[in-house]
Amino acid sequence: MSSLEQNITPYSKAIVKLLKSPVERTSTVWDDIINYQTEIQEYIGQIGLELIVKKEEGFAFVGQLEDSDGNTLGLVTRRQIGFETSIVLVVLRQSLEEFDSNPTQLATEKFITDSEIKDELELFLQEGYNKLKFKKELDKYIRNVVDLGYLKVVSEKDNETKYQIHRIIKEKITLDTLQDFKTKLQEYVESV
């Protein structure tokens with residue numbers, strides 16, 4: 001028996017996947033995450049991480065534990081995403097919130113096309129913001145959001161891309177964060 005075989009647990013693959021990215025219910029390790037939540041938390045807790053499982057939403061991920069001052073061990077590096085990409089994230093989060101608040105909505109997943117994202121952004125951006133420059137580089141900002149894992153490409157046809165908004169965006173951009181960003185954007189626009 002090799003050293004690897006002696007040291008792995010039934011949930012080792014689940015931990016490896018969680019350390020790389022969020023895991024969705026369609027993953028081969030989803031059942032392991034559900035069945036071994038306590039063991040996984042004990043294991044990753046030793047390095048300052050916590051397991052967050054959103055069973056109803058269909059995904060799990062790891063977050064950093066913080067001390068009373070808000071400090072972490074720094075295992076997961078925070079990335080600067082830029083103001084323009086932040087605007088796209090805020091619009092997507094707002095769109096998901098509106099989708100979830102619609103009581104007549106039967107679907108559970110929110111899909112959006114790149115042209116719908118652009119239309120939403122047009123309504124969101126206030127006068128005084130440099131819309132021309134923003135529109136010119138918008139495809140790049142949308143790709144950034146895909147790379148961050150908040151949008152998943154579902155289909156591409158006729159120069160139109162359809163995306164699914166990943167529900168993890170609700171964990172990363174709370175309603176308070178959404179309101180703070182809108183306030184800061186309004187202050188920025190008024191100062192220009």
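Which strands does helix 5 lie across, and at about what angle does helix 5 run to strand 6? In this predicted model, helix 5 lies across strand 4, strand 5 and strand 6, and runs at about 65° to strand 6. The report begins with the sheet that holds these strands.

## The sheet of strands 4, 5 and 6

Strands 4, 6 and 5, in that order, form an open sheet of three strands with antiparallel pairing. Strand 4 (111-113) and strand 5 are the edge strands; each has a single partner strand, so one side of each has no neighbour in the sheet. On average, neighbouring strands in this sheet are turned by 25° against each other, direction ignored.

Strand 5 (residues 151-157) and strand 6 (residues 160-165) are paired in the antiparallel sense over six bridges. Within this pairing, Ser-155 stands opposite Lys-162 of strand 6, and Lys-157 stands opposite Glu-160 of strand 6. The hairpin of strand 5 and strand 6 has two residues between the strands, and Asp-158 in this hairpin takes a positive phi near 50°. Strand 4 and strand 6 are also paired in the antiparallel sense, over three bridges. Ile-112 stands opposite Tyr-163 of strand 6.

## Helices 5 and 8

Helix 8 packs on the sheet too, where it touches strand 5 and strand 6; the direction of helix 8 makes about 125° with that of strand 5.

Two packed helices are described by the angle between their axes and the distance between the axes. For helix 5 (residues 83-101) and helix 8 (residues 138-148), the axes come within 9 Å and cross at roughly 70°. Helix 5 is therefore roughly perpendicular to helix 8. Their crossing is right-handed. Helix 5 contributes Glu-84, Thr-85, Val-88, Leu-89 and Leu-92 to the contact, and helix 8 contributes Leu-138, Tyr-141, Ile-142, Asn-144, Val-145 and Leu-148. Sorted by class, the residues of this contact are eight nonpolar, two polar and one charged.

## The sheet of strands 1, 2 and 3

Strands of a sheet pair through backbone hydrogen bonds, either parallel or antiparallel. A second open sheet has three strands in the order 1-3-2, and its pairing is antiparallel. Strand 1 (23-24) and strand 2 (49-54) stand at its edges with a single partner strand each, so one side of each is without a neighbour in the sheet.

Two bridges join strand 1 and strand 3 (residues 59-64), which pair in the antiparallel sense. Glu-24 stands opposite Phe-59 of strand 3. Helix 2 (residues 12-20) packs on this sheet and touches strand 1, strand 2 and strand 3, with its direction at about 70° to that of strand 3. Helix 4 (residues 37-45) packs on the sheet as well, touching strand 2 and strand 3; the direction of helix 4 makes about 150° with that of strand 2.

## Helices 2 and 4

How far apart are the axes of helix 2 and helix 4, and at what angle do these helices pack? The axes are 11 Å apart, and the packing angle is about 55°. Helix 2 and helix 4 are therefore oblique to each other. The crossing of helix 2 and helix 4 is right-handed.

On the helix 2 side, Ala-14, Ile-15 and Leu-18 meet Ile-40, Tyr-43 and Ile-44 of helix 4. The residues of this contact comprise six nonpolar, no polar and no charged.

## Salt bridges

The model contains eight salt bridges. One of them joins Lys-152 and Glu-24, whose closest N and O atoms are 2.7 Å apart. This pair links distant parts of the chain, as Lys-152 lies in strand 5 and Glu-24 in strand 1, 128 residues apart. Strand 1 belongs to the sheet with the order 1-3-2, and strand 5 to the sheet with the order 4-6-5. Both partners of the salt bridge are therefore on edge strands: strand 1 is at an edge of its sheet, and strand 5 is at an edge of the other.

Notes:
Residues are numbered from 1 along each chain as its sequence is written. This is a predicted model: local features need pLDDT of at least 70, side-chain atom pairs count only at pLDDT 80 or more; totals for chains, interfaces and linings use all residues. Side-chain values use heavy atoms; hydrogens and water are left out. Axes are lines fitted to C-alpha atoms, for helices over the stretch in contact, and angles run from 0 to 180 degrees between N-to-C directions. Helices (H or I, at least four residues) and strands (E, at least two) are DSSP runs, numbered from the N terminus. Angles under 35 degrees count as roughly parallel, over 145 as roughly antiparallel, 65 to 115 as roughly perpendicular and the rest as oblique. A crossing is left-handed if the near helix is turned anticlockwise from the far one by less than a right angle, and right-handed if clockwise. Contact means heavy atoms within 4.5 Å. Ala, Val, Leu, Ile, Met, Phe, Trp, Tyr, Cys and Pro count as nonpolar, Asp, Glu, Lys and Arg as charged, and the others, Gly among them, as polar. Two strands pair if DSSP finds at least two bridges between them. A salt bridge is a side-chain nitrogen of Lys or Arg within 4 Å of a carboxyl oxygen of Asp or Glu.
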